[in-house]
Amino acid sequence: MITGVNTDVQYDGKVYHVQTEDGGLKNPVIITHCFINGAIIATKKTSYADIVRAECLTDVVKDLMKEQHKGMIEAVKTGKLTGKKEGEKFGEDIISKKSLDEVILDFLSKEDDKKNK
């Protein structure tokens, strides 16, 4: 088993913790979790069961871990784990051009339609 990798990444005012671990020969899987406030928000798993007999297994596993870890960090930095794109303001894609009264009337109209069906 290879020692894990941990990195804290700041994005949009929040700290994301990325952790990558090797399951070892009995469980030949590399697992990367991304946490925010202690909760897992994303996981990536890669099996290496097909290469456990390789002579240079340790080096290959280390490289796989680094790449997977780097990929999760990149996902954080580009906003893929938040549903936001870099530079986009939160909720920008759901802000309505309608007035509050129009939004409420639309909502109530749809609810009324559901009841009448």
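Visitor: Leaving aside its neighbours within four places in sequence, which residues is H69 in contact with?
Guide: Keep in mind that we're looking at a predicted model. H69 lies in helix α1, and at 5% relative accessibility it counts as buried. Its contacts, once the neighbours within four places in sequence are set aside, are V5, N6, T7, V18, Q19, T20 and T32.

Visitor: Which side chain makes a polar contact with the side chain of H69?
Guide: Start from the contact list of H69, which includes Q19, T20 and T32. One of these has a side chain that makes a polar contact with the H69 side chain, at 2.6 Å. That partner is T20.

Visitor: Let's zoom out. In what order do the elements of the protein run from the N terminus on?
Guide: There are two helices and four strands to place. The strands include β1 (5–11), β2 (14–22) and β3 (29–36), and helix α1 covers residues 57–77. Read from the N terminus on, the order is β-β-β-β-α-α.

Visitor: How much of the protein counts as buried?
Guide: Buried means under 20% relative accessible area, so H69 at 5% makes the cut. The protein has 117 residues, and the share of them that counts as buried is 27%.

Visitor: And what share of the accessible surface belongs to carbon and sulfur atoms?
Guide: The accessible surface of the protein comes to about 8800 Å². Of that area, the part belonging to carbon and sulfur atoms is 53%.

Visitor: Which element gives the most to the largest nonpolar core?
Guide: In soluble globular proteins, nonpolar side chains tend to be buried together. Here the largest nonpolar core has ten residues: V9, Y11, Y16, V18, C34, I36, A42, M72, I73 and V76. At least two residues of this core come from each of β1, β2, β3 and α1. The element that gives the most, with three residues, is α1.

Visitor: What about the other core: how many residues does it have?
Guide: This other core lies apart from the largest one. Among its members are I30, Y48, L57 and M65. In total, its residues number six.

Visitor: Back to V9: which residues is it in contact with, leaving aside its neighbours within four places in sequence?
Guide: V9 is one of the ten residues of the largest nonpolar core, and so are Y16, V18, I73 and V76, going by the list of its members. Those four turn up among the contacts of V9 too. The full list is K14, V15, Y16, V18, I73, V76 and K77.

Visitor: Is H33 buried or exposed?
Guide: The place of H33 is in strand β3. Residues up to four places away aside, H33 touches H17, V18, Q19, I40, A42 and T43. Its relative accessible area is 17% and the cut-off for buried is under 20%, so H33 is buried.

Visitor: How far apart in space are H33 and Q19, C-alpha to C-alpha?
Guide: In sequence, H33 and Q19 are 14 residues apart. Even so, Q19 is on the list of residues that H33 touches. From C-alpha to C-alpha, the distance is 5.3 Å.

Visitor: Which side chain makes a polar contact with the side chain of H33?
Guide: Again, the list of touching residues is a handy start, and it includes I40, A42 and T43. The polar contact between side chains is at 2.9 Å. The partner of H33 is T43.

Visitor: Which side chains meet in a salt bridge?
Guide: Side chains of opposite charge can pair when their charged atoms come close. A search of the whole structure finds one salt bridge, at 3.9 Å from N to O. Its two partners are three residues apart in helix α1, so about one helical turn separates them. They are E67 and K70.

Visitor: How many disulfides does a search of the whole structure find?
Guide: A disulfide is a covalent bond between the sulfur atoms of two cysteines. C34 is buried at 0% relative accessible area, whereas C56 is partly exposed at 42%. The number of disulfides found is zero.

Visitor: Last one: what is the phi of D12?
Guide: D12 is found in the loop between β1 and β2, and it counts as partly exposed at 47% relative accessibility. Although D12 is not a glycine, its phi is positive. The value is about 55 degrees.

Conventions
Residues numbered from 1 in each chain as written. Predicted model: local features only at pLDDT ≥ 70, side-chain atom pairs only at ≥ 80, totals over all residues. Heavy atoms only, no water. Salt bridge = Lys/Arg side-chain N within 4 Å of Asp/Glu carboxyl O. Buried < 20%, exposed > 50% of the residue type's maximum accessible area, 1.4 Å probe, protein only. Areas by Shrake-Rupley, 256 points an atom, 1.4 Å probe, with all protein chains shown as cover. Disulfide = S-S within 2.5 Å. Polar contact = N/O pair within 3.5 Å; in protein donor to acceptor, adjacent residues only side chain to side chain. Contact = heavy atoms within 4.5 Å. Core = buried A, V, L, I, M, F, W, Y, C linked by side-chain atoms within 4.5 Å.
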